[in-house]
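User: Please examine the structure below with me. I would like the reasoning behind each label, with every value set against its criterion.

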Amino acid sequence: MLSYQWTKRTQLLRLPLRNLNTHLGLFDNHEYLIIAKSFSSSNQKTAIADQEEKKLPFTVSYLINSCGFSLETAKSLSKKVNFENPKIPDSVVQLLRDHGLTNSQISKLIKSSPTLLLADKEKTLLPKLEFLQSVGISGAALADVVSSNRIMLRQSLKNQIIPTYNFLKNLLEDDEKVAHALKRAGFLYGLHNTAAPNISLLQRLGVPHSSMLLLVTRDAHVLCNKAEKFDAFVKMISGMGFNPSEKNFIIALRIVNGLSRDSWERKLKAFKEWGFSKDEILLAFRRYPNCMTLSVESISRRMDFLVSKMGWASPDVAKAPSVVSYSMEKRIIPRYSVIQALLFKGLINKKPALSSVINPADDIFLKRFVNRYQEQEPQLSDIFEGKMKLSDLGIGFGVSEL
């Protein structure tokens with residue numbers, strides 16, 4: 001209901017917050033807001049807007065006013081869920097609030113699974129929340145797990161949630177790690193069934209427990225591949241010379257699982273175009289598997305600079321492949337500039353190894369190549385920080401044009 005108090009120049013409106021098209025969060029139906037408006041022709045526009053809102057379907061209005069969604073999002077979600085009164089949706093929202101979910105977390109959850117608004121609070125939702133609390137996942141951890149795991153509250157407690165929890169608990173042991181895995185692995189339907197043979201395979205190969213924990217907590221979906229497909233990935237990685245006892249074996253397994261064959265081939269081609277042989281690519285991949293997560297464009301840009309500008313050959317990069325992962329602007333170019341200045345001034349006689357230039361932390365690089373020569377060349381700090389270009393020293397290496 002609207003109530004009005006008039007003065008000669010000002011109109012005061014007492015509006016229920018749920019009638020406002022707002023993105024500020026979820027609101028109780030009994031809350032109100034007092035707005036002071038200048039009495040003018042804008043009243044007519046307000047009346048028209050009110051009439052337009054009244055024409056919206058109840059579900060759309062509820063999603064806007066009670067869940068904070070935009071009109072466009074609300075209309076889209078209303079195609080997946082529909083109701084004519086707020087009783088059940090209100091009870092669901094309140095239950096989630098009572099278990100620590102914030103307004104933004106509830107909105108996130110409803111957006112990913114709008115049918116939850118019509119779930120049975122007592123039979124479907126509450127038992128799952130109580131189970132998570134009973135195993136030590138409560139408070140902020142519970143809110144994070146539920147809001148991040150878009151299908152957990154739709155899964156069977158007996159057939160899916162409890163077996164998955166028991167599987168993770170037996171493997172990870174620590175409750176915090178279990179909560180972390182559940183938060184990241186909402187799509188792991190039947191993890192306890194599909195992962196068991198794959199974990200057995202890794203154990204037979206001698207993969208250490210610590211590596212399997214890394215896989216489960218970061219990319220457990222890799223373990224959900226069918227046994228035949230998982231076995232093919234393992235054979236592929238083993239054939240490339242990876243040692244199952246080393247962490248890179250698991251990292252490579254995660255990367256190969258996440259790349260399509262077409263993407264893999266395009267990245268191989270990108271390295272080959274810069275002079276890498278097949279053996280050099282495999283060497284780079286074994287030493288730094290994440291080099292194959294870069295886009296083709298990033299590979300080409302970095303290799304162009306490392307080879308064409310810095311003058312290192314592809315075998316040099318293959319021996320220190322992690323250098324291709326660093327930022328051009330923040331790391332590679334500043335350090336290159338310092339080395340070129342040192343060479344130009346005759347403070348060093350030859351170019352250092354690529355790994356000793358790019359890989360060390362900033363403090364180590366500064367100690368080796370800036371602070372050590374500060375008295376002979378005070379401008380090195382400015383060059384490193386980008387305050388001075390090589391061209392300012394009369395060095396024409398083209399870095400200033402990048």
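User: Where does Gly100 lie, and why is Gly100 called partly exposed?

Analyst: In this predicted model, Gly100 sits in the loop between α4 (87–98) and α5 (103–112). Its relative accessibility is 40%. Buried requires under 20% and exposed requires over 50%, so Gly100 falls in between and counts as partly exposed.

User: What is Gly100 in contact with, leaving aside its neighbours within four places in sequence?

Analyst: Gly100 is in contact with Gln105 and Ala143, the criterion being heavy atoms within 4.5 Å. In addition, the C-alpha atoms of Gly100 and Ala141 are 9.1 Å apart, although 41 residues separate the two in sequence.

User: What makes Gln133 partly exposed, and which residues does Gln133 touch?

Analyst: Gln133 belongs to helix α6 (residues 121–134). Its relative accessible area is 35%; because this is neither under 20% nor over 50%, the label is partly exposed. Not counting residues up to four places away in sequence, Gln133 touches His99, Ser138 and Leu142. His99 is 34 residues away along the chain, with a C-alpha separation of 9.5 Å from Gln133.

User: How do you know whether Phe69 is buried or exposed?

Analyst: Phe69 has a relative accessible area of 6%. The cut-off for buried is under 20%, so Phe69 is buried. Phe69 is found in the loop between α2 (58–65) and α3 (71–77). Its C-alpha atom is 7.7 Å from that of Ser107, which is 38 residues apart from Phe69 along the chain.

User: Which label does Glu173 receive for accessibility, and why?

Analyst: Glu173 reaches 57% relative accessibility. Exposed means over 50%, so Glu173 counts as exposed. The residue is located in the loop between α8 and α9 (175–184).

User: What is notable about phi of Glu173?

Analyst: Most residues other than glycine have a negative phi. Phi of Glu173, by contrast, is positive, near 70°, and Glu173 is not a glycine.

User: How is the packing of α8 against α10 described, and which residues meet there?

Analyst: Two packed helices are described by the angle between their axes and the distance between the axes. For α8 (residues 157–172) and α10 (residues 191–205), the angle is about 30° and the axes are 9 Å apart. From α8, the residues Asn159, Gln160, Pro163, Thr164, Phe167, Leu168 and Leu171 take part, and they meet Leu191, His192, Ala195 and Ile199 of α10. Sorted by class, this contact comprises 7 nonpolar and 4 polar residues, with no charged ones.

User: Why is Ser337 called buried, and what lies 2.8 Å from a polar atom of its side chain?

Analyst: Ser337 is in helix α18 (residues 328–344). Its relative accessibility is 7%, and the limit for buried is under 20%; Ser337 is therefore buried. The atom 2.8 Å from its side-chain polar atom is the backbone oxygen of Ile333.

User: What makes α18 mostly covered, and what is found at its N-terminal end?

Analyst: Of the 17 residues of α18, 13 are buried. At the N-terminal end, Ser327 acts as a cap: one of its side-chain oxygens is 3.4 Å from the backbone nitrogen of Glu329. Gly346, with a positive phi near 75°, follows α18.

User: On what grounds is Glu377 classed as buried or exposed?

Analyst: The relative accessible area of Glu377 is 7%. Since buried means under 20%, Glu377 is buried. Glu377 is in the loop between α20 (362–369) and α21 (380–384). Leaving aside neighbours within four places in sequence, its contacts are Lys345, Leu347 and Leu393.

User: Which labels do Cys67 and Cys224 receive, and how many disulfides are counted?

Analyst: Cys67 has 2% relative accessibility, so it counts as buried. Cys224 has 23%; this is not under 20% and not over 50%, so Cys224 counts as partly exposed. A disulfide requires a pair of cysteine sulfur atoms within 2.5 Å, and by this rule the count is 0.

User: What are the overall figures for the protein?

Analyst: The protein has 21 helices and 3 strands. Of its 402 residues, 45% count as buried. About 21,300 Å² is exposed, with carbon and sulfur atoms supplying 51% of that area. Among contacts with a separation of 6 or more, 67% come from residues 24 or more positions apart.

Technical notes: Residues numbered from 1 in each chain as written. Predicted model: local features only at pLDDT ≥ 70, side-chain atom pairs only at ≥ 80, totals over all residues. Heavy atoms only, no water. Axes fitted to C-alpha atoms, helices over the stretch in contact; angles between N-to-C directions. Helix = DSSP H or I, 4+ residues; strand = E, 2+ residues; numbered from the N terminus. Nonpolar A, V, L, I, M, F, W, Y, C, P; charged D, E, K, R; others polar. Buried < 20%, exposed > 50% of the residue type's maximum accessible area, 1.4 Å probe, protein only. Areas by Shrake-Rupley, 256 points an atom, 1.4 Å probe, with all protein chains shown as cover. Polar contact = N/O pair within 3.5 Å; in protein donor to acceptor, adjacent residues only side chain to side chain.
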